[in-house]
Amino acid sequence: MKAIGISLLLISISTFALFSSNEALNEAQTLHKLIWSPRQFDKTNPLYESSLAIDTDTDEIVTPLSAEAQRALREVDKIISLPGQPNGTAFAQYAGYITVNKQGRELFYYLAESPQDALTKPLVLWLNGGPGCSSLGYGAFEEVGPFRVSDDEKTLITNNYAWNKFANILFIESPAGVGYSKAKDGQINGDELTAKESYIFLLNWLERFPQYKNRPFFMAGESYAGHYIPQLADLILSKNLFKNRTSINLKGVAIGNPYVDKVDNRRSQDEYYWRREFITDEGYEVIKRDCEIYYQTDNFTEACEAARNTSNLGQFDSYNIYAPVCVTNPDGSLKKTDETDIGIDPCIDTFVEHYLNLPEVKKAFHADPNITWMACSGDIDSVVPVTTTKKSVKDMQLPIKTPWRPWDCDGQVGGFVEEYVGLTLATVRGAGHQVPSNQPMRAFYMISNFLEGKPLPNSPFVPRYD
């Protein structure tokens, strides 16, 4: 395969991994290493009369519509205003559906263009993990999108560190059946199908938005996107080699707290609790002895359960072990918290779910009104801990270019970074699983540098001993 330089950034707990566009590296080899270590459309409308054309080689669906018809669809998808959005919102928003298979499975998207120079800025696709969690609910309204949902569950607040300040951000509800997306055939999703349908989505979406066809394209996400993004990137690069088809100008990928290997992740999770003093030395030794069969298989034995029960971890957020949890009062209301250092309210999931199920919100998003939206069908994240990410990177056996060092953000240590040939591993200090939620400034600074091809700046050296 032809070597095409792209950038990969791994961000872990939080960490990100990035592939760099200035590396003469076979990107497919690097990606393989990472992989394996509504609106009711009116069918009588002339826009929908054309039959779907199938690419028999890949079973891809392309919609053979004229440029005028695609432009009309784009205008239909344009959002006039989201309910409760702040006054003075000065950027274009679009949302709608793209059909991705012959049975009528449809992926929902939301595009937030940049307020300045949208025609020249890159396109960034954001994917959440799960598998099966919403990129709209988490990515757009809790992490990198332009708005946050307030505690009244009806109004939106400006996100001062929204990523659409430096790029046009595209969110896809994937796989089909997640969030507002629709899976009419009841087909079971899997990694291969998810990558294929996401690729088909991009081909058709680019026909609807042809101004992005040659634009620099990046992908970012977190958690199980450690599967989704590398496999989609690998598919894009492979398909780009074919002639007479849309070539997607992939420049780099960034994955936060990537879930890559099940065995390493399970083992590292218990190790992480132990290293953070959540588990005693004695308890950890029992867990290591009795839970190895669980690490290797899905057999959660009585011995492993008993070993884990010897350590009472209490109630805490495993996605950010030092953050407050959302507490419900006896009357069913949500308890207020004064702990604001995590960046967002710990009850934000509830606010987002209620907001996205409002009829007026579904209408504004052009979403199917009959769908009930659900969220799912960091160095202080214990679910995909930094130890797991570092182990996965080590297993790739990439040459080190620049050794582990602190990086600077606004005069503070933003985290630590290590550069390899074709990949950068960066941690974000004080972040949990959802890095842009917990440390929005540091995430914003890190990703904007990545898109511009700049290394993270060195943190000033401070001697620890006189």
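**Helices, contacts and cavities in a predicted model**

Trainee: Which helix does Q70 lie in?

Mentor: Q70 lies in helix α2. Helices here are DSSP runs of H or I with at least four residues, strands are runs of E with at least two, and both are numbered from the N terminus. Please bear in mind that this is a predicted model, in which local features need pLDDT of at least 70 and side-chain atom pairs count only at pLDDT 80 or more, while totals for chains, interfaces and linings use all residues. Residues are numbered from 1 along each chain as its sequence is written, and side-chain values use heavy atoms, with hydrogens and water left out.

Trainee: Is Q70 buried or exposed?

Mentor: Q70 is buried, with a relative accessible area of 3%. Buried means under 20% relative accessible area, exposed means over 50%, and partly exposed lies in between, using a 1.4 Å probe and protein chains only. The C-alpha atom of Q70 is separated by 7.9 Å from that of F209, although their positions lie 139 residues apart along the chain.

Trainee: What does D77 in α2 pair with?

Mentor: D77 meets R208 in a salt bridge, at 2.6 Å from N to O. The rule for a salt bridge is a side-chain nitrogen of Lys or Arg within 4 Å of a carboxyl oxygen of Asp or Glu. Side chains of opposite charge can pair when their charged atoms come close. Both D77 and R208 are buried.

Trainee: Why does that pair tie together parts far apart in sequence?

Mentor: D77 belongs to helix α2 (residues 67–77) and R208 to helix α4 (residues 191–208), so the salt bridge ties together parts that are 131 residues apart in sequence.

Trainee: How many salt bridges are there by this rule?

Mentor: The count comes to nine. Among them, K213 pairs with E207, with their closest N and O atoms 2.8 Å apart. K213 is partly exposed at 24% relative accessible area, and E207 is partly exposed at 29%. K454 and E452 also meet in a salt bridge, at 2.9 Å from N to O. Of that pair, K454 is partly exposed at 46%, whereas E452 counts as exposed at 52%. In addition, E106, K182 and D368 are linked in a network of salt bridges.

Trainee: Changing topic, what is in the largest nonpolar core?

Mentor: That core has 53 residues, and those with the most contacts inside it are Y110, F141, Y180 and F365. A nonpolar core is a set of buried Ala, Val, Leu, Ile, Met, Phe, Trp, Tyr and Cys residues joined through side-chain atoms within 4.5 Å. Helix α14 (residues 440–451) gives the largest share of the largest core, six residues. Another core lies apart from it and has 37 residues, including I98, L123, I236 and I248.

Trainee: And what lines the largest cavity?

Mentor: The lining consists of L123, L202, W205, L206, Y212, K213, R215, P216, F217, I248 and N249. A cavity is found on a 1 Å grid over the protein atoms alone, as a set of points where a 1.4 Å probe fits but cannot get out, and lining residues have an atom within 4 Å of a point. The largest share of this lining, three residues, comes from α4.

Trainee: How much space lies in there?

Mentor: About 60 Å³ lies in the largest cavity. The volume is the space filled by probe spheres set on the points, and grid points are joined across faces, edges and corners.

Trainee: What classes of residue line the second largest cavity?

Mentor: Its lining has four nonpolar, five polar and no charged residues, while the lining of the largest cavity has eight nonpolar, one polar and two charged. Ala, Val, Leu, Ile, Met, Phe, Trp, Tyr, Cys and Pro count as nonpolar, Asp, Glu, Lys and Arg as charged, and the others, Gly among them, as polar. The second largest cavity has a volume of about 50 Å³, and its lining includes N128, S135 and Y228.

Trainee: One last topic: how many residues of strand β5 are buried?

Mentor: Six of the seven residues of β5 (residues 93–99) are buried, so the strand is largely enclosed by the rest of the structure. β5 runs antiparallel to strand β6 (residues 106–112), joined by seven bridges; two strands pair if DSSP finds at least two bridges between them. Q93 has A112 in β6 as its bridge partner. The two strands form a hairpin with six residues between them, and G104 in the turn has a positive phi of about 90°.

Notes: On a 1 Å grid over the protein atoms alone, a cavity is a set of points where a 1.4 Å probe fits but cannot get out, and a pocket is an open set with protein on both sides within 12 Å along at least five of seven lines; lining residues have an atom within 4 Å of a point.
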